[in-house]
Amino acid sequence: MNQLILANSIYLPETSHDKYKCYPVLLGERVEMISGRLVLEIRGQVQMVEYEYDYMGNELMRQVNAVLRSGQAFTAAYLPDGGDSRVVSTFLTESFPQPAFAFSRGGKPYWHNVAFTLREVQPHD
């Protein structure tokens, strides 16, 4: 099962051992009232997706980098922590992959420690 598909066409390999996380984050602000009481003003929530993979081939790594480092919003199909099927939404890259060269096989490079975080663009209830 693919947990994450970027830009409608980049199927990332299934990852395991706590290397895929998807969770909602509340968007809000703490406000101190005149009485001294502290309240949280909630504006909505966004999904955060964290993905890590040990080794990735050069061709797939270049496709992933092109999308994540573009600075533009993109669609992604992700597996939420409260569902059984993928959901599609628009995301921005929260943290960029900083892979390291691991080894070459057949004259082609493989990258190690591929990890990134995505944040949903539009908040929702």
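These questions and answers concern a predicted model.

Q: In what order do the elements of the protein run from the N terminus on?
A: The protein has 1 helix and 8 strands. From the N terminus on, the order is β-β-β-β-α-β-β-β-β.

Q: Is the protein spread out or a compact globule, judged by its radius of gyration?
A: For 125 residues the globule rule gives 14 Å, and the radius of gyration is 18 Å, well over that value. The C-alpha atoms fill a box of roughly 70 × 30 × 30 Å along the principal axes. The protein is therefore more spread out than a compact globule.

Q: How do the rings of Tyr 51 and Tyr 53 pair: stacked or edge-to-face?
A: The whole structure holds 6 aromatic pairs. In the pair of Tyr 51 and Tyr 53, the centres are 6.4 Å apart and the planes differ by 10 degrees. Planes under 30 degrees apart count as stacked, so the pair of Tyr 51 and Tyr 53 is stacked.

Q: Which residue forms one aromatic cluster with Tyr 51 and Tyr 53?
A: Tyr 51 is buried, at 1% relative accessibility, whereas Tyr 53 is partly exposed, at 24%. The residue that completes their cluster is Phe 116.

Q: Over the ring of which residue does the charged end of Arg 105 sit?
A: The charged end of Arg 105 lies 5.8 Å from the centre of the ring. That ring belongs to Tyr 110.

Q: Which residues make the nonpolar surface patch of about 300 Å²?
A: One of them, Ile 42, is found in strand β4, residues 38-57. Ile 42 has a relative accessible area of 49% and is partly exposed. The patch is made by Leu 26, Leu 40 and Ile 42.

Note on methods: Residues numbered from 1 in each chain as written. Predicted model: local features only at pLDDT ≥ 70, side-chain atom pairs only at ≥ 80, totals over all residues. Heavy atoms only, no water. Phe/Tyr/Trp six-rings, centres within 6.5 Å; stacked < 30°, edge-to-face > 60°. Buried < 20%, exposed > 50% of the residue type's maximum accessible area, 1.4 Å probe, protein only. Lys NZ or Arg CZ within 6 Å of the ring centre and 35° of its normal. Patch = residues over 30% accessible without salt bridge, like charges linked within 9 Å, V, L, I, M, F, W, Y side chains within 5 Å. Areas by Shrake-Rupley, 256 points an atom, 1.4 Å probe, with all protein chains shown as cover. Salt bridge = Lys/Arg side-chain N within 4 Å of Asp/Glu carboxyl O. Helix = DSSP H or I, 4+ residues; strand = E, 2+ residues; numbered from the N terminus. Rg over C-alpha atoms; globule rule 2.2 N^0.38 Å.
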